Amino acid sequence: MEEQKSRLAIIAGHGTLDAAYPPLILATAAAAMDMEATIFFTFYGLNIVRKGYADNLKVAPIANPAMPIPIPNIVGMLPGMTAAATTMMNSWMRKANVAKLSELLEIAIESDVKLIACQMTLDVLGIKKEELMDGVQIGGAATFLEFASKNAISLTF
């Protein structure tokens, strides 16, 4: 009997810049380690795989206590603060030679990471298949669970 590859099953439910990196980095690392990897994009996480969205995701400083530079909520609410926080994070990523999200998505597709957009969420949010990047499959919870139920490490972001 042939031994099954190790598996990584990730749920991406948030569409912010800081939440988009972990699923893509972990999935591409898993693929490089010869693991099978699947990312299930649901709710706002769908923005990661919408055409033209990945490199335009934002990070909000308001109510984000993990920001490395503490910003009081009253200041974080000012116009332009989300843009400033996003610019700052993108700058840190560039300085650390971290690939852009669009590049990580290309690597994921080239590495056979399965990218699944949640059918129910597409319907709820009125997003059409044509709005998704090429290489993204559409499936429901059962599609993801079928993969994850076969001894996968499961993570959610």
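This passage describes the strand pairings, the largest pocket and the salt bridges of a predicted model.

Strand E1, which spans residues 7-12, takes part in two parallel pairings. On one side of the description stands its pairing with strand E2 (residues 36-41), in which six bridges join the two strands in the parallel sense; within this pairing, the bridge partner of Leu8 is Ala37 of E2. The chain passes from E1 to E2 by way of helix H1, and the resulting β-α-β crossover is right-handed. The other pairing joins E1 to strand E5 (residues 152-156), again in the parallel sense, over five bridges, and here Ile11 stands opposite Thr156 in E5. Five of the six residues of E1 are buried, so this strand is largely enclosed by the rest of the structure.

Strand E2 is in turn joined to strand E3 by four bridges, and these two strands also run parallel. Phe40 is found opposite Ile116 of E3 in this pairing. Strand E3, comprising residues 114-118, has four of its five residues buried, and it is therefore largely enclosed by the rest of the structure. A further parallel pairing, over four bridges, connects E3 with strand E4 (residues 136-139). Between E3 and E4 in the chain path lies helix H5 (residues 119-125), and the three elements together make a right-handed β-α-β unit.

The pairing of E3 with E4 can be followed at the level of individual residues through Gly139, which lies in strand E4 and is the bridge partner of Cys118. Although Gly139 and Cys118 are 21 residues apart along the chain, their C-alpha atoms are separated by 5.5 Å. The relative accessible area of Gly139 is 7%, and because residues under 20% are classed as buried, Gly139 falls into that class.

The largest pocket holds about 170 Å³ of space. Its lining is made up of 13 residues, of which Tyr21, Asp55, Asn90, Arg94 and Lys100 are the closest to the pocket centre. Three helices give two or more residues each to this lining, namely H1 (17-32), H3 (81-95) and H4 (101-110), and the largest share, three residues, comes from H3. When the lining of the largest pocket is sorted by residue class, eight residues are nonpolar, one is polar and four are charged.

Side chains of opposite charge can pair when their charged atoms come close. A search of the whole structure finds five salt bridges, three of which are described here individually. In one of them the side chains of Arg7 and Glu36 meet, with an N to O distance of 3.3 Å. Arg7 belongs to strand E1 and Glu36 to strand E2, so this pair ties together parts of the chain that are 29 residues apart in sequence; the salt bridge thus links two strands that are also joined by six bridges. The two partners fall into separate accessibility classes, since Arg7, at 10% relative accessibility, counts as buried, whereas Glu36, at 28%, counts as partly exposed.

A second salt bridge is formed by Glu131 and Arg50, whose closest N and O atoms are 2.6 Å apart. Here both partners are located in loops: Glu131 lies in the loop between H5 and E4, while Arg50 lies in the loop between E2 and helix H2 (73-76), so the pair ties together parts that are 81 residues apart in sequence. Glu131 is partly exposed, with a relative accessible area of 27%, and Arg50 is buried, with a relative accessible area of 14%.

In a third salt bridge, the side chains of Lys150 and Glu146 meet at an N to O distance of 2.0 Å. Lys150 counts as partly exposed at 33% relative accessibility, and Glu146 is likewise partly exposed, its relative accessible area being 45%.

Note on methods. Residues numbered from 1 in each chain as written. Predicted model: local features only at pLDDT ≥ 70, side-chain atom pairs only at ≥ 80, totals over all residues. Heavy atoms only, no water. Buried < 20%, exposed > 50% of the residue type's maximum accessible area, 1.4 Å probe, protein only. Pairing = 2+ DSSP bridges. Right-handed = clockwise from strand over helix to strand, strands pointing away. 1 Å grid on protein atoms, 1.4 Å probe; cavity = no way out; pocket = protein on both sides within 12 Å on 5 of 7 lines; lining within 4 Å. Points joined across faces, edges and corners; volume = space filled by probe spheres on them. Nonpolar A, V, L, I, M, F, W, Y, C, P; charged D, E, K, R; others polar. Salt bridge = Lys/Arg side-chain N within 4 Å of Asp/Glu carboxyl O.
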